[in-house]
Amino acid sequence: VIYMTVFCLFLQSMCLLVQGWRYNAAGMQGYTESRTYGLIGVSGKTFMSHYQNYDQACFYHTRIAGDGQGACNMALCLYYRAKCQSFRQVMVVSYTMLVVMVTTMVATFAGLFFVLRHDSFFLGWARRMWALAFCLFVPGLVAFNMQIDSAFAEINKHGMYPTPVFYVNTYCAMIVCAVLGANMILTSNLLSMVKEIENPEDSDEDEACAVPPRPQAPIQGPVAGSYPPMPTAVPQY
C-alpha cells in the first residue's frame with residue numbers, strides 16, 4: 001500500500017506540473033508546431049495560459065465584430081465567437097480540474113501519513129482519505145475530458161480547428177484512479193487484520209457469551225392409566 005501510494009503521488013505530481021493532458025501533432029491543419037494542453041495553459045511555439053488564450057480569442061472576435069451593434073453574420077466572426085466561448089469553457093474546466101488535482105494530492109498524502117501509523121483508528125482515516133480522493137478524481141477526470149471534447153466540437157461547427165487527443169497525463173490519471181481504488185480495498189483488508197491483532201479476545205468472548213441451545217425433552221407416549229377405560233359393552237336403546 002505504501003509503495004503504491006508513493007507511486008500515485010508521483011503520477012499526480014507529473015499530471016499537475018507537466019503540460020501533457022491533450023496533444024496536437026505538428027502539421028495538423030496547417031499548424032507548424034505541436035501543441036500540448038495542460039491544466040494551466042497551452043504549450044506550442046510559446047506558452048500561453050488558458051486565460052491568455054481565451055482573452056486573445058475574445059479580443060479578435062471583438063475586433064472583427066466591431067462595436068457590437070450589428071449582428072455577427074460573417075463566417076470569420078462566428079468562428080472567433082465560437083473560439084471565445086469554447087476557450088472560456090476550456091479555461092474553467094482546466095482550472096477546476098487543477099483544484100480537484102490539488103485536493104486529491106492532499107487527500108492521498110494524508111492517507112499515506114495515516115497508514116504509516118499502523119493503528120486501526122488511523123487506518124480507518126486512511127481509507128476515508130483515499131475514498132475521498134477516488135470520489136473526487138474519477139468524476140472530475142470524466143467531466144474534464146467530456147467538456148474538452150465538447151468545447152472543440154463547438155469550434156469545429158464554424159471552422160477547422162485541430163481537436164487535441166489524449167496524451168501522457170490523461171493515461172497517468174487513469175492509472176491514478178486505479179491505484180486509489182486498489183488502496184481503498186487493500187486498506188479495508190489491512191484494517192480488518194489489524195483489528196483482529198489488536199483485539200484477539202473479542203472472538204473468544206463472543207463464543208463464551210453465546211447462549212447455548214436449550215436441550216429438547218424426549219417425546220414420550222401416553223402414560224398407562226392416563227385415559228379412562230373404554231366401555232366393554234355397547235349400551236342398548
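Buried means under 20% relative accessible area, exposed over 50% and partly exposed in between, with a 1.4 Å probe and protein chains only. This is a predicted model, in which local features need pLDDT of at least 70 and side-chain atom pairs count only at pLDDT 80 or more, while totals for chains, interfaces and linings use all residues. Residues are numbered from 1 along each chain as its sequence is written, and side-chain values use heavy atoms, leaving out hydrogens and water.

**Exercise 1.** Determine which residues of H2 are buried and where they lie around the axis.

*Solution.*
1. Helix H2 covers residues 50-65 (helices are DSSP runs of H or I, at least four residues, numbered from the N terminus).
2. Its buried residues are His-50, Asn-53, Tyr-54, Ala-57, Cys-58 and His-61.
3. They lie on the same side of H2, because their arc around the axis is only 125° (taken from the directions from the helix axis to the C-beta atoms).
4. In general, an α-helix has 3.6 residues a turn, so residues three or four places apart point the same way.

**Exercise 2.** Classify the ring pair of Tyr-60 and Tyr-80, and state the burial of each residue.

*Solution.*
1. Rings of Phe, Tyr and Trp (its six-membered ring) pair if their centres lie within 6.5 Å; planes under 30 degrees apart are stacked, over 60 edge-to-face, and the rest tilted.
2. For Tyr-60 and Tyr-80 the centres are 5.7 Å apart and the planes at 75°, so the pair is edge-to-face.
3. Tyr-60 belongs to helix H2 and Tyr-80 to helix H3, 20 residues apart.
4. Tyr-60 is partly exposed at 37% relative accessibility, whereas Tyr-80 is buried at 19%.

Notes. Helices (H or I, at least four residues) and strands (E, at least two) are DSSP runs, numbered from the N terminus. The expected span of a helix is 1.5 Å times one less than its number of residues.
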